[in-house]
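Work through these short exercises on aromatic rings. Keep the structure open while you go.

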Amino acid sequence: QGGVAEGIISDACSSWLEAGCTPGSLGVELAEQSLLAWERDGVHDQGVVHLRKAQQYLEQQLALGMLSTAPSIERRLKTAIESLEVLIGAIDGVAPSFAQLNRGREGIYSKLSYQGRTAMIDAVAKAWSAAMPGLTPGVAAAHFEEWLQGYTGRRSMVEDVASAALQELKWNLQMKLDATFANQQSEAYSSPSFRVEGVREV
């Protein structure tokens, strides 16, 4: 099935049957099982291959109308496919938006265990830090994890991340200034308004 591993398809079918065989929801189960396979088979190795193949297969089937269902199920499926795409993008270094992550958090990301959640946090943090000057991966990961687990709201997280990035930029700038003008006095001690180089006033 489009290169998707047989084990993932089998697990998706089993989960679909256990859930009551809801018409059209098999695609969502396939997306969820590919996410779990990513955790199980290596978040940097074969697991990423599972994600890519499942996302491509589901998109193809949806485009062909093979997965068309009731509107509510179709929305869930499109969100699940988008969530796979967002995670793959983060792994590849593409910074995701809060809106995309929020849809995933309320959808298939909720199925992740500690290992998968940690790997996703690291991927998103690295992508964000690469896209936002001053934001370090460690700070981004800490704030994203708090938001992901519901400890803080979206607005608070945005403010905290922006503040941390500005503070880091300010600190870096100060260090550069100190290194550049290491032999000069600071403005706090700049009276009178000249400095001495050797024995000459300049």
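**Exercise 1.** State how many aromatic pairs the structure holds, then classify the pair Trp 128 and Phe 144.

Solution. This is a predicted model. The structure holds four aromatic pairs. Take Trp 128 and Phe 144: their centres are 5.4 Å apart, and their planes make an angle of 70°. Rings pair if their centres lie within 6.5 Å, and planes over 60 degrees apart count as edge-to-face. The pair Trp 128 and Phe 144 is therefore edge-to-face.

**Exercise 2.** Locate Trp 128 and Phe 144 in the chain.

Solution. Trp 128 belongs to helix α5, residues 114-131. Phe 144 belongs to helix α6, residues 137-148. The two are 16 residues apart, and their pair links distant parts of the chain.

**Exercise 3.** Classify the pair Phe 144 and Trp 147, and place the two residues along their helix.

Solution. The centres are 5.8 Å apart and the planes 25° apart. Planes under 30 degrees apart count as stacked, so Phe 144 and Trp 147 are stacked. Both residues lie in helix α6. They are separated by about one helical turn because they are three residues apart there.

**Exercise 4.** Decide whether Phe 144 and Trp 147 are buried or exposed.

Solution. Buried means under 20% relative accessible area. Phe 144 has 0% relative accessibility, so Phe 144 counts as buried. Trp 147 has 2%, so Trp 147 counts as buried too. Trp 128 is also buried.

**Exercise 5.** Name the residues of the ring cluster, and find the charge over Trp 147.

Solution. Ring pairs join Phe 98, Trp 128, Phe 144 and Trp 147 into a cluster. Over the ring of Trp 147 sits the charged end of Arg 105, 4.2 Å from the ring centre.

Conventions
Residues numbered from 1 in each chain as written. Predicted model: local features only at pLDDT ≥ 70, side-chain atom pairs only at ≥ 80, totals over all residues. Heavy atoms only, no water. Phe/Tyr/Trp six-rings, centres within 6.5 Å; stacked < 30°, edge-to-face > 60°. Helix = DSSP H or I, 4+ residues; strand = E, 2+ residues; numbered from the N terminus. Buried < 20%, exposed > 50% of the residue type's maximum accessible area, 1.4 Å probe, protein only. Lys NZ or Arg CZ within 6 Å of the ring centre and 35° of its normal.
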